[in-house]
Amino acid sequence: QVQLVESGGGVVQAGGSLRLSCSASGRTGKSYATGWFRQAPGKEREFVASISVNGAGTLYGDSAKGRFTISRDNAKNIVYLQIDNLEPEDTAMYYCAVTTRGVEYDYWGQGTQVTVSS
């Protein structure tokens, strides 16, 4: 079992930046990759970014390219999501998740809210 806790969200004016954190604990040895997702009210959950266990491989969703940066600190079991030049459209609940097989995500956190004011 893997437990995930997100933090770093908040209320920010447009143009500002945030760094979200995803802290993992438990049986993390079989983790293959960690991903970030977001879901806004009335919209479906969408993929934001993912990073492999060694940090060498990263993927970004179409809406996240350019302003989003994913990274990890394996010594602390933390994956970060840096968001720059925030826009009101970025307002959503942001979730991190872990996959052990590289396709479906097996474990999910409870999310951290990001609210961007215009």
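Which residue in strand 10 is the bridge partner of Val-98? Tyr-107 is that partner. Here are some notes to read alongside the structure, which is a predicted model.

1. **Overall make-up.** The protein chain contains 11 strands and zero helices. Read from the N terminus, every element is therefore a β in the order β-β-β-β-β-β-β-β-β-β-β, if you like to have the string to hand while you scroll through the model.2. **Size and surface.** A compact globule of 118 residues would have a radius of gyration near 13 Å, and the protein chain agrees, with 13 Å. The C-alpha trace spans about 40 × 25 × 25 Å along its principal axes. About 6500 Å² of the protein chain is exposed, with carbon and sulfur atoms supplying 46% of that area. Of the 118 residues, 38% are buried.

3. **Contacts along the chain.** Take the contacts between residues at least 6 apart in sequence: 52% of them join residues at least 24 apart. The points below give some individual pairings to look at.

4. **Strand 9 and its partners.** Strand 9 covers residues 92-99, and six of its eight residues are buried. Strand 4 (residues 33-39) runs antiparallel to strand 9, and seven bridges join the two. Within this pairing, Phe-37 stands opposite Tyr-95 of strand 9. Strand 11 (residues 112-117) also pairs with strand 9 in the antiparallel sense, here over three bridges. In that pairing, Ala-92 has Val-114 of strand 11 as its bridge partner. Finally, two bridges connect strand 9 with strand 10 (residues 107-108), again antiparallel. The Val-98 and Tyr-107 pair from the opening question belongs here.

5. **The four-stranded sheet.** Another place to look is an open sheet of four strands in the order 1-3-8-7, paired antiparallel. Strand 1 (2-7) and strand 7 are its edge strands, each pairing on one side only. On average, neighbouring strands in this sheet are turned by 20 degrees against each other, direction ignored. Inside the sheet, strand 3 (residues 18-26) and strand 8 run antiparallel and are joined by six bridges. Cys-22 is a handy marker for this pairing, as Val-79 in strand 8 stands opposite.

6. **Salt bridges, one by one.** The whole structure holds six salt bridges. One of them pairs Asp-62 with Lys-65, with the closest N and O atoms 3.7 Å apart. Both ends count as exposed: Asp-62 has 71% relative accessibility, and Lys-65 has 56%. Another brings together the side chains of Asp-106 and Arg-101, at 2.8 Å from N to O. Here Asp-106 is partly exposed, with a relative accessible area of 28%, while Arg-101 counts as exposed at 61%.

7. **A link between two loops.** Glu-87 and Arg-67 form a salt bridge in which the closest N and O atoms are 4.0 Å apart. This pair links distant parts of the chain, 20 residues apart: Glu-87 sits in the loop between strand 8 (78-83) and strand 9, and Arg-67 in the loop between strand 6 (58-60) and strand 7 (68-73). Glu-87 is partly exposed, with a relative accessible area of 35%, whereas Arg-67 is buried at 17%. Is Arg-67 buried or exposed by the cut-off used here? Arg-67 is buried because its 17% falls under the 20% limit.

8. **A salt-bridge network.** Through shared partners, salt bridges join Arg-38, Glu-46, Arg-67, Glu-87 and Asp-90 into one network. The Glu-87 and Arg-67 pair just described is a good place to start tracing the network.

9. **Ala-49 as a buried position.** Ala-49 lies in strand 5 (residues 46-52). Its relative accessible area is 0%, so Ala-49 is buried. Which residues does Ala-49 touch, leaving out those up to four places away in sequence? They are Thr-34, Gly-35, Trp-36, Leu-59, Tyr-60, Ile-70 and Leu-81. For a sense of distance, the C-alpha atoms of Ala-49 and Ile-78 are separated by 15 Å, and these two residues are 29 residues apart along the chain.

Methods: Residues are numbered from 1 along each chain as its sequence is written. This is a predicted model: local features need pLDDT of at least 70, side-chain atom pairs count only at pLDDT 80 or more; totals for chains, interfaces and linings use all residues. Side-chain values use heavy atoms; hydrogens and water are left out. Buried means under 20% relative accessible area, exposed over 50%, partly exposed in between (1.4 Å probe, protein chains only). Two strands pair if DSSP finds at least two bridges between them. Axes are lines fitted to C-alpha atoms, for helices over the stretch in contact, and angles run from 0 to 180 degrees between N-to-C directions. Contact means heavy atoms within 4.5 Å. The radius of gyration is taken over C-alpha atoms; the globule rule is 2.2 Å times the number of residues to the power 0.38. Accessible areas come from the Shrake-Rupley method with a 1.4 Å probe; for residues, only the protein chains shown count as cover.
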